[in-house]
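I sat down with this structure today and kept notes as I went. Here is what I looked up, in the order I looked it up.

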Amino acid sequence: MRKYHLVRRADAKLKRTLLYYAIGILASLLIGAVILAVLGVNPLEYFGKMFTIGLVGNKYGYRQIEGLLKNFVPLLITSVALSLSFKMRFWNIGGEGEFLAGAIAASIVAFQVTGLPNFVTVLLMCLAAMISSGLIGVAVAALKVKFNTNETLMTLMINYIMLYVIKYIGETKADWNFFLQEESDRPIFGTFPQSAFMGSIPIGKFSLLWSVIIAVALTVIIYVYLKYTKHGYEISVVGDSSATAKYAGMSVGKIVLRTMFISSALIGLAAALAVSSAGTISDSITNDVGWTGIIVAWLSKLNIPAVFVTSFLIEVLQYGCQIAASQYPAIDSNYANLLQGIILFSVLVADFVANFRVVRKEDAKNA
Amino acid sequence: MEYAIELKGITKSFGPVAANKNINLALAKGEILALLGENGSGKTTLMNMLSGIYMPDSGSIFIDGKKVEINSPEDSGKLGIGMVHQHFKLVERFTALENIQIGMRDDGRFVHGKDVRKKIEDTAAKFGFDIDLDKVVANMAVSEKQTLEILKVLCYGAKIIILDEPTAVLTVQEIDKLFAVLRKMRDEGHSIIIITHKLNEVMAISDRVTILRHGEYIDTVVTKETNEKTLTELMVGRKITLNIDRPLIEKTHPLLEIRDLTIKNDEGAVAIDHINFYIRGGELLGVAGIAGSGQKELCEAIAGLRKIESGQMIHEGESIVGMSPKKILEHGISMSFIPEDRLGMGLAPSLSITDNMILKNYNEATGPFVDRKSAREEAQKVIDKLEVVTPSTETPVRRLSGGNVQKVLLGREIKSGPNVLITAYPVRGLDINSSYTIYNILNEEKKKGTGILFVGEDLDVMLALCDKIMVICHGRLQGVVNSDHTTKEEIGLMMTGTLNIVNKEGKTDGIAKDSAITDEEGKA
Amino acid sequence: MLDILTLFLFNIIVYNIPLLYGTTGEIMIEKSGSLNLGVEGTMAIGAVVGYLAGARTGSLLAACLVAFIASGVVGLLFAFLTVTLQANQNVTGLTITTFGVAFYYFIGNAVANSAAGWPSLIDTKLGSKTQAIEIPLLSKIPFIGKILFSHMILVYVGIIIAVLMWFYFKKTVPGLKLRAIGENPAAADSLGVNVALYKYVHIIIGSGIMGIGGLYMGLNLGGTYEGSNCWINGYGWISIALVIFANWSPAKAILGTVVFGFFNTLTVKYADLAYAFPSALGWLNKIPSHFFSALPFIITLIVLIASSLSKKKKSGEPQAIGRNYYREDR
């Protein structure tokens, strides 16, 4: 005899959802604290270090903020870009591959195009990256639209293919390979010429990279794009019901192609900003933003302002763990990923509780 | 009499909509019981509670006199109940044998066992089925699939067999064959419930008939002691006087003409079979027919969402065959279809009322931005005029109750000022007041000179509201009648295929005499 | 020269059996209609927990059991989130990978930094249990004997699992029911198959199988822990690719493992081959090893596209894959 029965809630109230999310996150932090305690670390001290990213009592605190922002920019843009395609229910999990393609294209410009002003070089780098990443997105979208090829698996394969491309470039010493340092016998990625470096605005000791401003501006633009433009409107209709979109006379294929181009081009842009800020490229340049971005987008329910906040918090978590790792040898930076996983699991549970409810059978008719 | 099944006071609601209200039903052992009712009368929902898909909100079920609880299809199977669903539940890529084996209990652990095959073959032979057990379902014809579904439940040892509209997909010869099998099953001691709309079939096959209407139990009669006329009355209800206005408008020229139109459904079977009709300006033409007689396909074809096989569709002298949905919209044809789940077509459920308002004309705004300001005003206008109950214009449509969803949909359709309005089941699941609001909207449109095609369910309403009613059965035109010169009984007989008045009395129904276009021109 | 060839073919099997475990495990899960992208993480957790248990007890059986259970628990989590709580499968899978790999490093570092340190394989009894087993008579066959019949026990187990799974899907009624769920859960449900139970059981078993693959990976690498390099090293992702290549058939997964394994081994050993057969295979030296590494993914991509191009519905891809099932959704 089953007395209880699951019923999908007719409405999910925002307040209730947020409350459950908060409970979920707190619970995960609690689990994280228990892990720390078991390993003999005071959780309060550790979390204190982590969430203040080592700013407290640090003369060079501004350096930490610079470092944090440098990592934050690619994650933010990538998460925003992925939200764009997920909103259309297009499962682009190729963020890593698209990022690498963009990074390589931008680096080619950085190494090969010299003698131009800094601004122009960086702009060219961005354009090259956006086009090459965008084309990958378009190719995948075209196959999906035309032949209904599984986009999740396709983009997954592209991630790995691109990873080996960059490894090949980074590990092959050859005459043609302008990516590497000439003077070194071992293959090491070279540093960009000065003209390819991302400029910055000095604010006292602190220097604010232009890329941060670009990223924030982009976030606002995409927010407006999704919320107020015809394109954004089309994306939400296609994502909600492609049958309705067809009924309304929209050309669904065209919308999917266009959106995937924008989404992957943005990821390419994130890569260009990342290599230009770093002044070099490496096979770990992605910093896993292609993966983390998916989690950020999902945690934020594809809401752009929420993506901004979530990606910032996740970056604090990641970066804070790196900082804290130097002082707690027992806890390395993987703790961040561990915690991130636990948080997402809890949020998935919270999401369920917010959307379903258990009813007793006798009460079912009042559901 | 000992009953195989007894249902007492069964009630089931989906959200605010009650699909079954306090229903009683009894199936005697070794009889064939027909479950008769119009679309939406709750027959399938009721049967799905026997098959374990749904659980009743209240009421009790007795099998062989014992009170039981059916929580899952597994429970249902164990109690000896087998259901043949209207939409077949078959794994397309499996063979017939494999499909049967999925549901077998305690019959060997290995597939393709010799004894299993033998058992199935014996069952098939016993009831005279002719079936290739190694044929893959995807390669089967519809009738083969159905044979397989029936064989399946017999192999599981079901003593109570429920068939949901089994004849809907069969030819006349196949129906005869099916009935022979059903009789044989009855003689072997099985108890059978058959859901159907077709009165001639009810008369031919059943021992008793239980009638449902609007989710309520009406009556159970012995087939031998009744006739088609009585049954029709029970099914559609006695004529109630409805105070629905029917303003008489000067009819203008034919706006939309459909000639010799043939359309296939998703399964590739003919859904609309050589149909002719036309709609004039200022005219409200009703389409009556049993559910699944091709209404959906017809609406989709006119809106450009479905390819047609042959025939012509002419709008104000121009062929719209092959036009994109967008082009057809721009021509002034608007279509709204309320599917059974009431959300599917025409609305984006997660988007707000405002956003749904502009679904068809968002592109008209200049510049890259969507004009939400006027959209919001329009949404507010629709909300005020049609009395939509909603917290605000920004509420997602999904959160509205059914009636309000339909008002939003219809409100949008008429605001674009179409000259042909096609609306299917606009009052599906609505209460009386909301329904009247919708009727008034349609009448206002008619007064403006719009030609309206109204696909409906309730004959009383259609007789009161429509100027003319076109009746279709199995995709074939049974005739077009004038609402003032017909009766519900006549329409009922036409809907069930008993009466066909096309080409009677020397007149070709459905073709406009004063059409601006000759047949030859249309073809060109 | 022949030795090099023998060794090369021998290595294909030795290095790539984890792919077979990962692939067969994932096939079992995907056949139930669930796409689990968490293979990498699931294998990592099974590997580290299983290895530590094995090193402590000195028993290979204990190591396998613990690896199976640890990864099975991860599978349980995936099943709970996606089947009961209806969470998105892609997100859940990716999180399992992030979480699992982090868990691997986290536990690994904690143990390596502890007073006792990381247990090395040679120092424990476990080491002796992982020796190759020469199958009597068969291993004496020249050439073939070394390549096919002188392996560690888990190699044989992996192949046996694949064969059993093939038999299970093809010939048994529970296997048939499982496939029916992956194709059309509503149909299976209407026939009284307990869809949720079947999904749970097969997701857990599939994940457990992956765990043993992870454990093998660690054992084969001599059980040495490096803080910077996860044992699984992308094999979980290759396994997902291999599922497509094998067209969702455990039997073809064996073939696929050999094909993918060939490229994997070539990546490391192509220089040896070119050296041994300079005239025939000398050109191998001209091709970058990275190309061989990427080849499995390139091939899979091509297979994926080609199978969607072909009109025939012969693909073994379960039709309901990636979609959650909720009976009362209408």
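**Notebook: chain A overall, then two sheets of chain B**

Entry 1. I began with chain A and tallied its secondary structure: 13 helices and four strands. Next I checked the radius of gyration of chain A, which is 23 Å; the globule rule gives 21 Å for 367 residues, so chain A is as compact as a globular protein of that length. A note to self before going further: this is a predicted model.

Entry 2. I wanted the outer dimensions too. Along the principal axes, the C-alpha atoms of chain A fill a box of roughly 80 × 60 × 40 Å. I then asked what share of the 367 residues in chain A is buried. The figure came out at 49%. For contacts in chain A with a separation of 6 or more, I found that 76% are between residues 24 or more positions apart.

Entry 3. On to chain B, and a sheet of four strands. This sheet is open, with antiparallel pairing, and I read its strand order as 12-11-14-15. Which strands sit at its edges? They are strand 12 (270-280) and strand 15 (318-319) of chain B, each pairing on one side only. I followed strand 15 inward: two bridges join it to strand 14 (residues 310-315) of chain B, and the two run antiparallel. For a residue to click on, I picked B:Ile314, whose bridge partner in strand 15 of chain B is B:Ser319.

Entry 4. Chain B also has an open sheet of six strands, in the order 16-17-18-13-19-20, and here the pairing is mixed. Its edge strands are strand 16 (333-337) and strand 20 (476-482) of chain B, and each of these pairs on one side only. From one strand to the next, the twist averages 15 degrees.

Entry 5. I looked at one edge of that sheet in more detail. Strand 16 of chain B pairs with strand 17 (residues 420-424) of chain B in the parallel sense, over five bridges. Within this pair, B:Met335 stands opposite B:Ile422 of strand 17.

Entry 6. Last, I asked which helices pack on this sheet. One of them is helix 9 (residues 295-302) of chain B, which touches strand 13 (284-288), strand 16, strand 17 and strand 18 (451-455) of chain B. The direction of helix 9 makes about 150 degrees with that of strand 16 of chain B. Helix 16 (residues 488-495) of chain B packs on the sheet as well, touching strand 13, strand 19 (468-473) and strand 20 of chain B. Its direction makes about 30 degrees with that of strand 19 of chain B.

Key: Residues numbered from 1 in each chain as written. Chains lettered and ligands numbered in written order. Predicted model: local features only at pLDDT ≥ 70, side-chain atom pairs only at ≥ 80, totals over all residues. Pairing = 2+ DSSP bridges. Axes fitted to C-alpha atoms, helices over the stretch in contact; angles between N-to-C directions. Contact = placed C-beta atoms within 7 Å. Rg over C-alpha atoms; globule rule 2.2 N^0.38 Å. Buried ≥ 20, exposed ≤ 12 C-beta atoms within 10 Å, placed from the backbone.
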